[in-house]
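Here is a short report for a reader who is new to this structure. Keep the sequence and the model in view while reading.

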Amino acid sequence: MISIQNVTKYFKKNHLRKDDTDERFRVLDNISLTIQDGEFVSFIGPSGCGKSTLLRMIAGLLVADRGKVLVDGREIEGPGSDRMVVFQDYVLFPWMNVRNNIAAGLKIRKESRETVEKKTAWAIDLVGLGGFERSYPHQLSGGMKQRVAIARAIVMNPDILLMDEPFGALDSFTRISLQEELIQLCDKNHYTTCLVTHDCDEAVYLSDRIVVFTSSPARVQEIIQVDLPRPRDRNRPEFIEIRNHILRLGRIQAKQQERQGRCS
Ligand SMILES: Nc1ncnc2c1ncn2[C@@H]1O[C@H](COP(=O)(O)OP(=O)(O)OP(=O)(O)O)[C@@H](O)[C@H]1O
Ligand SMILES: [Mg+2]
């Protein structure tokens, strides 16, 4: 279980205006949220509101200024192989082939050669990259690279999968097929998953709950429970209603942001 308790985070301002008295700005404002084991939760909200910042905190890459993040009752002290992150821009090692990219984490963990081979083959099979083991990242399509990035995370057998707009750069056909694969993978392996996305359709298709954030500083605006049966039908009226509701919330935030911009 992930427990985010009253988390507030500040960053240093890049551009200080003459009348600025504070060198910092608040990016996350008193966020509290609990994510249950095996739950799939999406973070959605205006660009720049702080979604990636919150995800990086769960990953242990950033520390809260106030409040804390706990996993299974223990405060996070840094990154751990129980929490694997998949970023939007793949971040593959260009000099390694598919197999070695996926095996890299296991080798760092000093697993035996036999285990590395077995687990890597399992992950390659799971993401459907059989036959491409010897290909290098520059020889792969965007969708294939993202499959490698997902395989590299799941090969570590994490409890928690953290994904930051993993399908943002992909065309809509590839995105939809990867969404279908991802939800099956999460279900089969009982991952607890946090997904940052800008895509309302993706959030409704995948999530048990959707956390909608306000514009900066991010606060929880609304948490939407999605109780539709899986695999979800994107044309079902209830699906469309939830998607439209999130879009409405987004429009309200955009208007507020616009007004704040005009006033400051
Ligand atoms: N390391 C950092 N130092 C200073 N400011 C930062 C840092 N990381 C992020 N920010 C700022 O914090 C704010 C929130 O950034 P974050 O990346 O969390 O937003 P986001 O909601 O993920 O946006 P997007 O949807 O565009 O990816 C932004 O104003 C960003 O410029
Ligand atoms: Mg982001």
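## A pair in the sheet

S42 faces I210, a residue of β9. The model is predicted. S42 and I210 are a way into the pairing of β3 with β9. Strand β3 covers residues 40–44, and strand β9 covers residues 209–213. The two strands run parallel and share four bridges.

In general, strands of a sheet pair through backbone hydrogen bonds, in either a parallel or an antiparallel sense.

## The whole sheet

How many strands does the open sheet have, and in what order? There are six, arranged as β6-β7-β8-β3-β9-β10. The pairing is mixed. The edges are β6 (83–86) and β10 (220–225). Each of these edge strands pairs on one side only. On average, neighbouring strands in this sheet are turned by 15° against each other, with direction ignored.

Next comes the pairing of β9 with β10. These strands are antiparallel and are joined by five bridges. R209 is opposite Q225, which belongs to β10. Together β9 and β10 make a hairpin, with six residues between them.

## Helix α4

Helix α4 spans residues 142–154. It lies across β6 and β7 (160–164). Its direction is at about 175° to that of β6. The helix has 13 residues. From first C-alpha to last, α4 reaches 19 Å, close to the expected 18 Å.

Is α4 largely enclosed or largely open? Ten of its 13 residues are buried, so the rest of the structure largely encloses it. The buried residues are K145, Q146, R147, V148, A149, I150, A151, R152, A153 and I154. Their cover includes the strands β6 and β7. It also includes the helices α2, α3 and α5 (172–189).

## Helix α2

Helix α2 runs over residues 98–108. Which of its residues are buried? They are V98, R99, N101, I102, A103 and L106. Among the elements covering them are α3 (113–126) and α4. After α2 comes K110, which has a positive phi, near 60°.

## The loop at G130

G130 sits in the loop between α3 and α4. Is G130 buried or exposed? It is exposed, because only 12 or fewer other C-beta atoms within 10 Å are allowed for that class, and G130 has 10.

Setting aside neighbours within four places in sequence, G130 contacts I124 and D125. R99, one of the buried residues of α2, is 31 residues away from G130 along the chain. The C-alpha atoms of R99 and G130 are 9.9 Å apart.

## Around ligand 1

Which residues surround ligand 1? They are F11, K12, V27, S47, G48, C49, G50, K51, S52 and T53. Two elements give two or more residues to this shell: β1 (2–12) and α1 (51–59). The helix α1 gives the most, with three residues.

The shell can also be sorted by class. Five of its residues are polar, three are nonpolar and two are charged.

Key. Residues are numbered from 1 along each chain as its sequence is written. Chains are lettered from A and ligands numbered from 1 in the order in which they are written. This is a predicted model: local features need pLDDT of at least 70, side-chain atom pairs count only at pLDDT 80 or more; totals for chains, interfaces and linings use all residues. Two strands pair if DSSP finds at least two bridges between them. Axes are lines fitted to C-alpha atoms, for helices over the stretch in contact, and angles run from 0 to 180 degrees between N-to-C directions. Two residues are in contact if their C-beta atoms, placed from the backbone, lie within 7 Å. A residue is near a molecule or strand if its C-beta atom, placed from the backbone, lies within 6 Å of it. Ala, Val, Leu, Ile, Met, Phe, Trp, Tyr, Cys and Pro count as nonpolar, Asp, Glu, Lys and Arg as charged, and the others, Gly among them, as polar. A residue is buried if 20 or more other C-beta atoms lie within 10 Å of its own, exposed if 12 or fewer, and partly exposed in between; C-beta atoms are placed from the backbone. The expected span of a helix is 1.5 Å times one less than its number of residues.
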